[in-house]
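Work through the exercises below with the model open. Each task is followed by a stepwise solution.

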Amino acid sequence: MADLSVNIAGVHFDNPIIAASGTIGFGHEYGELYPLSVFGGISCKGTTLKERPGNPPPRIAETPMGMLNAVGLQNPGVEHFINVELPWLKQQNTVVIANAAGSTEEDYCKITEILSDTDVDMIELNISCPNVKEGGAQFGTSPESVEKITKAVRKHCTKPLIIKLSPNVADIAAVAKAAESAGADAVSLINTLTGMRIDINTRKPIIKNVTGGMSGPAVFPVAVRMVYQVKKAVKIPVIGLGGISTWQDAVEMIMAGADAIQIGTVLFTDPYAPIKISEGLHGYLDSHDIASVTELTATVKV
Amino acid sequence: MKFDAQDCKLVAKTQLTPTIYDFRLQNAELAEITKPGQFAHLLVPGKTLRRPISICDVEGDMIRLVFEVRGEGTKILAGTEVGDTINMICPLGKGFDIPTDKKIIFVGGGIGVPPMLYSAKSAGKNSVVINGFRDKSAVILTEDFKKIGCKLIETTDNGSYGIHGFVTQPLEEMIDNADMICACGPTPMLKNIAAMAQQHQKECFVSLEQRMACGVGACLGCAVGVKKADGSTTYQHVCKNGPVFRAEEVAW
């Protein structure tokens, strides 16, 4: 059988499939269905310094081949994460990635410093949450702001640092380059695309927050394009996500330039998706006589 | 096993009203662990999000779901043919905790009526069921409730069948004889029942709904406002903390 393991910024993953932040909480629920080691890694729910209650409901709307969400970073705070969630997660035989969010540069530096002093394997910086006025999205919208926040956080971060990029930008390659030059160890993309739906009977937005982040199969081609552009622009590892639903999507995303992938919304459609994607990857690599999934990265013939 | 995603075979399908369907789905493993007030999360071919449907009843290895066609997703589900399978994550959520030594009034409104069947059945013959409907054409499950031997009261908003008026009228007359109220239906109805229960100092549980994604408690999408001990409001989730909540905890 082909080797599915990958190395991202010095961290070994048994397989390249990572659960995307915000879709798996801290792992307990899907852990009822299978061992969490079916994932190479888990990117935990976006965590802030203090507990956040999140946005008022409705937070969810369906879209053609996808969905909008405006959960608004509901989370129990970093202290709870470290004391309650992390010890359990560390026993699940999967890479634990903390997803750090905040509203000021100071917040980001502080939470990163706190998380650096724990057993988390990596830190993913969430500078692209579109659902909170001060959810950090303003840090992710230009190469200059991404460079500034990455540089600041880097000084406090002793863990491998992933910068999660927003697709709501003019030039994703320039943003990725800015993260790289400021000291990021990897980038992950794409976060959700900002969207909106209206109930035509009430003339009100379906989501109370008015807008929400769009995810699911509908965003997949956008994600493939952006991963392709970013891979050509940077030397650091690229984690590709956005609408991956099948093993074929996973192969496509890896060919576009992803060193590892994240899956999220598909879990809501099919909780067993990580197992099916992993089996499909094995089958594809074996039938094409490819020894390691790493040989597939960025092999698109343009 | 608390819950699982499994294919369930549709073995019987009836249409109860022009928009309400009655499905019996076979899965012994899931039926065995399903309790009153829980729900199943149904995969809809071609849709990203599943549809949460409350459990109407469990009959041996059969899970019974009675649901209303409200949009595209439920329309596709209604098109499922006998012999086809539907993938369900089941059972989900915290249902009604039904004591057998208490006098319980179950109140259902509209499409909130189906989950009352399994719940009332579990409570035994001393239970009272009050079901309210828009009009005669919307009345469902009358014979099923009669079969379980409970006292059944039915109302319609326009008086075309049963008692003319809302469920709260017969409830007001009977509430002092009850120990506990379990209700499912439109939010205004639940809110009124919660207020009445509080006034009469009766335990009251309500089953809520909200737009939902994962169904298992991971995504935090289906938020519902609840009151904290200090009086402030926070959010819990219909799929995991509910769908059944203590009425006095809900921030209406």
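Helix axes are lines fitted to C-alpha atoms over the stretch in contact, and the angle between two of them runs from 0 to 180 degrees between N-to-C directions. The model is predicted.

**Exercise 1. A helix pair in chain A**

Task: Find the angle at which helix α4 of chain A packs on helix α5 of chain A, and classify it.

Solution.
- Step 1. Locate the helices: α4(A) covers residues 172-181 and α5(A) covers residues 220-233.
- Step 2. Read the geometry. The axes lie 8 Å apart, at an angle of about 45°.
- Step 3. Classify. That angle makes α4(A) oblique to α5(A).
- Step 4. Add the hand: the crossing of α4(A) and α5(A) is right-handed.
- Step 5. List the contacts. From α4(A) come Ile172(A), Ala173(A), Ala176(A) and Lys177(A); from α5(A) come Met226(A), Gln229(A), Val230(A) and Ala233(A).
- Step 6. Sort these residues by type: 6 are nonpolar, 1 is polar and 1 is charged.

**Exercise 2. The surroundings of α4(A)**

Task: Decide whether α4(A) is enclosed or open, and name what its buried residues pack against.

Solution.
- Step 1. Set the cut-off. A residue is buried if 20 or more other C-beta atoms lie within 10 Å of its own.
- Step 2. Apply it. The buried residues of α4(A) are Ile172(A), Val175(A), Ala176(A), Lys177(A), Ala178(A), Ala179(A) and Glu180(A).
- Step 3. Conclude. With 7 of its 10 residues buried, α4(A) is largely enclosed by the rest of the structure.
- Step 4. Name the partners of these buried residues: α3 (143-154), β9 (161-164), β10 (186-189) and α5 of chain A.
- Step 5. Look just past the helix end. Gly183(A) has a positive phi of about 110° there.

**Exercise 3. A second helix pair**

Task: Describe how α6 and α8 of chain A cross, and which residues meet.

Solution.
- Step 1. Take α6(A) at residues 247-256 and α8(A) at residues 273-287.
- Step 2. Their axes come within 8 Å and cross at roughly 65°.
- Step 3. The crossing of α6(A) and α8(A) is right-handed.
- Step 4. On the α6(A) side, the contact uses Trp247(A), Ala250(A) and Val251(A). On the α8(A) side, it uses Lys276(A), Ile277(A), Gly280(A), Leu281(A) and Tyr284(A).
- Step 5. By type, the contact residues are 6 nonpolar, 1 polar and 1 charged.

**Exercise 4. Unusual backbone values**

Task: Say where the cis peptide bonds from Leu189(A) to Ile190(A) and from Gly242(B) to Pro243(B) lie, and where Leu73(A) and Ala298(A) take a positive phi.

Solution.
- Step 1. Recall the background: most residues other than glycine have a negative phi, and most peptide bonds are trans.
- Step 2. Chain A: the bond from Leu189(A) to Ile190(A) is cis, with omega near 10°. Ile190(A) sits in the loop between β10 and β11 (193-196) of chain A.
- Step 3. Chain B: the bond from Gly242(B) to Pro243(B) is cis, with omega near 10°. Pro243(B) sits in the loop between β15 and β16 (244-246) of chain B.
- Step 4. Leu73(A) has a phi near 55°. Its loop runs between β6 (66-69) and α1 (78-89) of chain A. Leu73(A) counts as buried, with 25 C-beta neighbours inside 10 Å.
- Step 5. Ala298(A) has a phi near 55°. Ala298(A) lies in the segment after α8 of chain A. With 15 other C-beta atoms within 10 Å, Ala298(A) is partly exposed.

**Exercise 5. Chain shape and the interface**

Task: Check each chain against the globule rule, then describe the side of chain B that touches chain A.

Solution.
- Step 1. Chain A has 8 helices and 16 strands. Its radius of gyration is 18 Å, close to the 19 Å from the globule rule for 302 residues, so chain A is as compact as a globular protein of that length. In chain A, 59% of the residues count as buried.
- Step 2. Chain B has 6 helices and 16 strands. Its radius of gyration is 17 Å, which agrees with the value near 18 Å for a compact globule of 252 residues. Buried residues make up 50% of chain B.
- Step 3. The contact between the chains takes 26 residues from chain B and 30 residues from chain A.
- Step 4. On the chain B side, β1 (4-15), β14 (223-227) and β15 (233-237) each give two or more residues.
- Step 5. That side divides into 16 nonpolar, 5 polar and 5 charged residues.

Notes. Residues numbered from 1 in each chain as written. Chains lettered and ligands numbered in written order. Predicted model: local features only at pLDDT ≥ 70, side-chain atom pairs only at ≥ 80, totals over all residues. Helix = DSSP H or I, 4+ residues; strand = E, 2+ residues; numbered from the N terminus. Parallel < 35°, antiparallel > 145°, perpendicular 65-115°, else oblique. Left-handed = near helix turned anticlockwise from the far one by under 90°. Contact = placed C-beta atoms within 7 Å. Nonpolar A, V, L, I, M, F, W, Y, C, P; charged D, E, K, R; others polar. Rg over C-alpha atoms; globule rule 2.2 N^0.38 Å. Buried ≥ 20, exposed ≤ 12 C-beta atoms within 10 Å, placed from the backbone.
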